Amino acid sequence: MPRYWECPNCRALLTRERLEAAGGVCPYCDARVGPPSEFADPDAPPLDFDEPRGPAPIVVPATVGGKLAIAARLLVERLPLVAALVFLFKLPANAGIEVLIERRGAAAHPLAPLMLKFVVEIFFDPIVTAAVLIVLAQRMSGVAMPFRAALRGGLDFWWWLLAARVIKQLTILVVGFGAFIPEFGPFRILFLIPMLFLVIRYALVDEVVVLDHAPILDSRRQSSDVVLGRVWQVIGGGFGSLVLLLFLAQLVGRWAEGVDLLDDPMARGLLITVFDVLAVYNTIVLFLIFWEASREPGEKIDAKPDFEEEFL
């Protein structure tokens, strides 16, 4: 009798005890490994297959395409919770910005919407991102985190993630400051190369701060360590998610223009917030790259474990 059975879908090695507990079903991907009778425990009470089960743990695919597909699945699966987090913090700000620009009319600076949006992102996006990362980490282990626990996690990590992001952006800008000086002419491209290099190396700063509790000043180094050896995954995942998001934004924008929604500032604020919800897809893709690099299949997040105990 073999000591381990291999799942035909995710290739996980499973012990008899785990298969007996699941009735012959893989606990990671819900694939059937064997008939329930083969793994029935004679001393255990009968299994109630009508009882609802929690979400199955997820194994991260090795390919970029697989990660993009799993990221889309996770976004759709957790869309109500993600949308609630994004709308809570960004809908009032986005609608307020559009109303302000509408009232000022021609007197408004052409870059005013972008500058105001940048301020909103600086202060509110760390809360949303931290909450989403904690939700995703719990989901990978088969735990569905409720909204209140996710919100609490995002608020607790707000300051740390905000500070880490500011330092990251300042480092990138200092390295590439010459790219913004017109007098440098064609030589400005020489400053873009190290900027792009740092953008890739620091792509996982959010994940190491929230999920690994990395110190603020050490988060850039830890992100670089995780990205090392996965540069093409980060580039491919970031580019693939960007192309998909631009395609969806174009579709939604054309639809909104066709029904004259863009004439109403409140409707524009709502559409911008919808785009913010879709943009979480990029966060999920980078999270999957981080999770594959630093976690074992089925491992639970150790960040703030009291959330689950308090709110579940």
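Contact here means heavy atoms within 4.5 Å. With that in hand, take the contacts in this protein whose partners have a separation of 6 or more: residues 24 or more positions apart account for 66% of them. Keep in mind that what you're looking at is a predicted model.

Let's start with the overall layout. The protein has twelve helices and two strands. Walking from the N terminus, you meet the two strands and then nothing but helices, in the order β-β-α-α-α-α-α-α-α-α-α-α-α-α. There are 312 residues, and 42% of them count as buried.

Now for the interior. In soluble globular proteins, nonpolar side chains tend to be buried together. In this model the largest nonpolar core has 61 residues, and those with the most contacts inside it are L74, L85, M140, V210, I284, F287 and L288. Pick L74 as a way in: leaving out residues up to four places away in sequence, L74 touches I58, L136, R139, M140, I284 and L288. Apart from this core lies another one, of seven residues, with L14, L19, C26 and A31 among them.

Two buried residues show how parts of the chain that are far apart in sequence come together. I70 sits in helix α2 and has a relative accessible area of 13%, so it falls under the 20% cut-off for buried. Setting aside residues up to four places away in sequence, I70 touches I58, P61 and L288. I70 and V285 are 215 residues apart in sequence, yet C-alpha to C-alpha they are 8.3 Å apart in space. The other example is V210, found in helix α8. V210 counts as buried because its relative accessibility is 0%. Its C-alpha atom is separated by 7.5 Å from that of I134, with the two positions 76 residues apart along the chain.

Just past V210 there's a backbone detail to look at. H213 has a positive phi of about 55 degrees although it is not a glycine. Where does H213 sit? Its place is in the loop between α8 (205–211) and α9 (219–227). H213 is partly exposed, at a relative accessible area of 42%.

On to how the helices pack. Two packed helices are described by the angle between their axes and the distance between the axes. Take α10 first, together with helix α11 (residues 265–294): their axes come within 10 Å and cross at roughly 165 degrees. That angle is over 145 degrees, so α10 and α11 are roughly antiparallel to each other. The crossing of α10 past α11 is right-handed. On the α10 side, the contact is made by Q233, V234, G237, G238, S241, L244, L245, L248, A249, V252, G253 and A256, and on the α11 side by L271, F275, L278, A279, Y281, N282, V285, L286, I289 and E292. Sorted by character, the residues of this contact come out as 15 nonpolar, six polar and one charged. V285, listed here for α11, is the residue we already paired with I70.

Helix α10 (residues 231–258) has another partner in helix α2 (residues 64–77): the two pack at an angle of about 45 degrees, with their axes 10 Å apart. What does that make α2 relative to α10? It makes α2 oblique to α10. The crossing of α2 and α10 is right-handed. Here V64, K67 and L68 in α2 meet Q233, G236, G237, G240 and S241 in α10. The residues of this contact divide into two nonpolar, five polar and one charged. Q233, G237 and S241 of α10 take part in this contact with α2, and they are also listed in the contact with α11.

Finally, have a look at helix α6 (residues 158–175) and helix α7 (residues 189–201), which pack at an angle of about 160 degrees with their axes 8 Å apart. They are therefore roughly antiparallel to each other, and α6 passes α7 in a right-handed crossing. T171, I172 and V175 of α6 make the contact with F191, P194, M195, L198 and V199 of α7. The residues involved divide into seven nonpolar, one polar and no charged.

How values were computed: Residues are numbered from 1 along each chain as its sequence is written. This is a predicted model: local features need pLDDT of at least 70, side-chain atom pairs count only at pLDDT 80 or more; totals for chains, interfaces and linings use all residues. Side-chain values use heavy atoms; hydrogens and water are left out. Axes are lines fitted to C-alpha atoms, for helices over the stretch in contact, and angles run from 0 to 180 degrees between N-to-C directions. Helices (H or I, at least four residues) and strands (E, at least two) are DSSP runs, numbered from the N terminus. Angles under 35 degrees count as roughly parallel, over 145 as roughly antiparallel, 65 to 115 as roughly perpendicular and the rest as oblique. A crossing is left-handed if the near helix is turned anticlockwise from the far one by less than a right angle, and right-handed if clockwise. Ala, Val, Leu, Ile, Met, Phe, Trp, Tyr, Cys and Pro count as nonpolar, Asp, Glu, Lys and Arg as charged, and the others, Gly among them, as polar. A nonpolar core is a set of buried Ala, Val, Leu, Ile, Met, Phe, Trp, Tyr and Cys residues joined through side-chain atoms within 4.5 Å. Buried means under 20% relative accessible area, exposed over 50%, partly exposed in between (1.4 Å probe, protein chains only).
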